[in-house]
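The following exercises invite the reader to examine a protein model step by step. Please study the sequence and the structure before attempting each task.

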Amino acid sequence: LRYFRHPYLHVGATAETKARLQAFLDDAGYRVAPVTLDNSDYVYASPYARSEHRERVRREYVPYMESVIEFFERRSVEVAGREFPQVLLIHANALNADLMPDLLDMFRRRGYDFVPLDTALADAAYRLPEEYVGPGGFSWIHRWSKTKGMPGKGEPDPPAWVMTAFGAR
């Protein structure tokens, strides 16, 4: 194992906690795998598991994901001055397994290639300062923008019906 992804993208509520965790990871030889394309795929996965929502989720999930990708593409230019290799977080679930061909088609249509994590992380964007500490976990693009003092912008949220169905487990 060479990489560590922070659970829930939460790196620490305080600067001390964040620094201690990073020191542990450095000592253990791990490199943090930052996530730049964060989304709510897990929220869609819950209603997808129920037959009454499955077809609607199948129709709406990839367009939702594309709206998130489009948001982070634009935001990467605002924050880093250009697009750069992105790191996508998606979860292993039936939804992503079933719709992976459609997701891959969407990425390819948008001009994406898939590269090893080392290749993506070699880009200078991943050396931007990241000073966020606090209770939340979110994309490194948001972290970099906060560190730069830029106004926050949020990626598209799932529609209300998905949030309701997610909560109705």
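Four exercises with worked solutions follow, all on this predicted model.

**Exercise 1. The length and course of a helix**

Determine whether the span of helix α4 agrees with its number of residues, and locate its kink.

Solution. Helix α4 comprises residues 94–109, which is 16 residues. At 1.5 Å a residue, taken over one less than the number of residues, the expected span is 22 Å. The end C-alpha atoms of α4 are 23 Å apart, which agrees with that expectation. The course of α4 nevertheless includes a kink of about 60° at M100, shortly before the proline P101. At the N-terminal end, N93 serves as a cap: one of its side-chain oxygens lies 3.2 Å from the backbone nitrogen of L95. After α4 comes G111, which has a positive phi near 95°.

**Exercise 2. The buried side of α4 and its partner**

Identify the buried residues of α4, and establish how α2 and α4 are oriented relative to each other.

Solution. The buried residues of α4 are L95, N96, L99, L103, M106 and F107. As a general aid, an α-helix has 3.6 residues a turn, so residues three or four places apart point the same way. The cover over the buried residues of α4 includes α2 (41–48) and α3 (51–80). The axes of α2 and α4 are 8 Å apart and meet at an angle of about 100°. Since angles of 65 to 115 degrees count as roughly perpendicular, α2 and α4 are therefore roughly perpendicular to each other. In this contact, α2 contributes D41, Y44, A45 and Y48, while α4 contributes A94, L95, N96 and D98.

**Exercise 3. Two residues with positive phi**

Decide for Y8 and for L9 whether the residue is buried or exposed.

Solution. Most residues other than glycine have a negative phi. Y8, although not a glycine, has a positive phi of about 60°, and L9 likewise has a positive phi of about 60°. Y8 is found in the loop between β1 (3–4) and α1 (15–28), and L9 also lies in the loop between β1 and α1. Y8 has 76% relative accessibility and so counts as exposed. L9 has 2% relative accessibility and so counts as buried.

**Exercise 4. A loop residue and its surroundings**

State whether Q86 is buried or exposed, and describe its contacts.

Solution. Q86 belongs to the loop between α3 and α4. The cut-off for a buried residue is under 20% relative accessible area; Q86, at 15% relative accessibility, therefore counts as buried. The side chains of Q86 and T36 are joined by a polar contact of 2.5 Å. Leaving aside residues up to four places away in sequence, Q86 touches T36, L37, F72, E73, S76, Y112, Y126 and I141.

Key:
Residues numbered from 1 in each chain as written. Predicted model: local features only at pLDDT ≥ 70, side-chain atom pairs only at ≥ 80, totals over all residues. Heavy atoms only, no water. Helix = DSSP H or I, 4+ residues; strand = E, 2+ residues; numbered from the N terminus. Bend = angle between axes of the 7 residues up to and from the residue. Buried < 20%, exposed > 50% of the residue type's maximum accessible area, 1.4 Å probe, protein only. Contact = heavy atoms within 4.5 Å. Polar contact = N/O pair within 3.5 Å; in protein donor to acceptor, adjacent residues only side chain to side chain. Axes fitted to C-alpha atoms, helices over the stretch in contact; angles between N-to-C directions. Parallel < 35°, antiparallel > 145°, perpendicular 65-115°, else oblique.
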